[in-house]
Amino acid sequence: MLILSRKLNESIVIDGRIIVKVVRVDGEVVKLGIQAPMEVTVHRQEVYEEIQKNNKEALTRGRPSLPKLPRQLPTNKS
Amino acid sequence: MKVADDIKAKLVSVKTENIIRMPLGLLGFESIKQYVMLSNPEEHPFLWLQVLEDPNLAFLVISPFEIVPDYRPDIPNEDVEFLGLKEPSDALIYNIVTLKGPGLATVNLKGPIVLNRNTLIGKQVVIANAADYALQHSLPTCK
């Protein structure tokens, strides 16, 4: 892992096209601003990892039998 | 296996305009970019987000609003722009279901799949209000 120190309002550039800037420092919380092309996804790491893990668990091979959901009451169409 | 043959038959005959394109794939499955939504009336309200190129792989999905009537996913502006959504009604929302065991299933409310209903371009979005919802929300199944 590359470790760099930045002060408030300083930035780093990744791959010449992704900019990460320190926009606010509030005690232990650092607010980062990220500028990246549309095809680059940016997520908080822990959220990315838990969704990735959930997706992997959810991937289905073949067609298992599905649980039955209780029949819904008809909704009021107003 | 008859089930696999049925799926293959559906995939072979799928029309280009019904292919769901996910340019960024799903989280952890970024290289899979083409899907088709398959449904079986007996399995309502579940749908299969079927991998176009592999008849054996699919994700079980559900439209969340019947199950969680007050689900209000807040789609970040970058994702609205990415998907070309001009108004809320342009968006189709599906959430991935995990089968945990007989009669046990959960649905991911933090990271729905959002589709532009006109272009069928989709993305798995981490909603801005993800903290308000569960990654594994229990589905009310009949025991």
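Me: How many residue pairs are in polar contact across the interface of chain B and chain A?
Reply: Happy to start there, and do keep in mind that this is a predicted model. Only pairs in which both residues have pLDDT 80 or more enter this count. Across the interface of chain B and chain A, the number of residue pairs in polar contact is seven.

Me: Which elements of chain B give two or more residues to the side that touches chain A?
Reply: Both helices and strands appear in the list for chain B. The helices are α1 (2-12) and α2 (77-83). Together with them, the strands are β3 (46-51), β4 (57-62), β5 (91-101) and β8 (122-124).

Me: How do the residues on that side of chain B divide into nonpolar, polar and charged?
Reply: Chain B brings 45 residues to the contact, and chain A brings 27. On the side of chain B that touches chain A, the division is 26 nonpolar, ten polar and nine charged.

Me: What is the area buried between chain B and chain A?
Reply: The size of an interface is often given as the accessible area lost when the parts come together. Here carbon and sulfur atoms give 67% of that area. The total buried between chain B and chain A is about 3200 Å².

Me: Which residue of chain A forms a salt bridge with K100(B)?
Reply: The count of salt bridges between chain B and chain A is one. In the bridge made by K100(B), the closest N and O atoms are 2.8 Å apart. Its partner in chain A is E57(A).

Me: In β4(B), which residue is the bridge partner of L59(A)?
Reply: Strand β4 (residues 59-61) of chain A pairs with β4(B) in the antiparallel sense, over three bridges. L59(A) has its bridge partner in β4(B), and that partner is F59(B).

Me: Why is chain A described as more spread out than a compact globule?
Reply: Chain A has one helix and four strands, in the order β-β-β-α-β from the N terminus. For its 78 residues the globule rule gives 12 Å, and chain A is well over that, so it is more spread out than a compact globule. The radius of gyration behind this description is 22 Å.

Me: What radius of gyration does chain B have?
Reply: Chain B contains two helices and nine strands, and its C-alpha trace spans about 45 × 40 × 25 Å along the principal axes. A compact globule with 143 residues would have a radius near 15 Å. Chain B agrees with this, at 15 Å.

Me: Which residue does a cis peptide bond join to H44(B)?
Reply: Most residues other than glycine have a negative phi, and most peptide bonds are trans. At this cis bond, omega is about 5°. The residue joined to H44(B) is found in the loop between β2 (34-38) and β3 of chain B, and it is P45(B).

Me: Where in chain A does D15(A) lie?
Reply: D15(A) has a positive phi of about 50° although it is not a glycine. Its place is the loop between β1 (11-14) and β2 (18-26) of chain A.

How values were computed:
Residues are numbered from 1 along each chain as its sequence is written. Chains are lettered from A and ligands numbered from 1 in the order in which they are written. This is a predicted model: local features need pLDDT of at least 70, side-chain atom pairs count only at pLDDT 80 or more; totals for chains, interfaces and linings use all residues. Side-chain values use heavy atoms; hydrogens and water are left out. Contact means heavy atoms within 4.5 Å. Buried area is the accessible area (1.4 Å probe) that two parts lose on being put together, summed over both. A salt bridge is a side-chain nitrogen of Lys or Arg within 4 Å of a carboxyl oxygen of Asp or Glu. A polar contact is a pair of N or O atoms within 3.5 Å; within protein, one must be able to donate a hydrogen and the other to accept it, and residues adjacent in sequence count only if both atoms are side-chain atoms. Ala, Val, Leu, Ile, Met, Phe, Trp, Tyr, Cys and Pro count as nonpolar, Asp, Glu, Lys and Arg as charged, and the others, Gly among them, as polar. Two strands pair if DSSP finds at least two bridges between them. The radius of gyration is taken over C-alpha atoms; the globule rule is 2.2 Å times the number of residues to the power 0.38.
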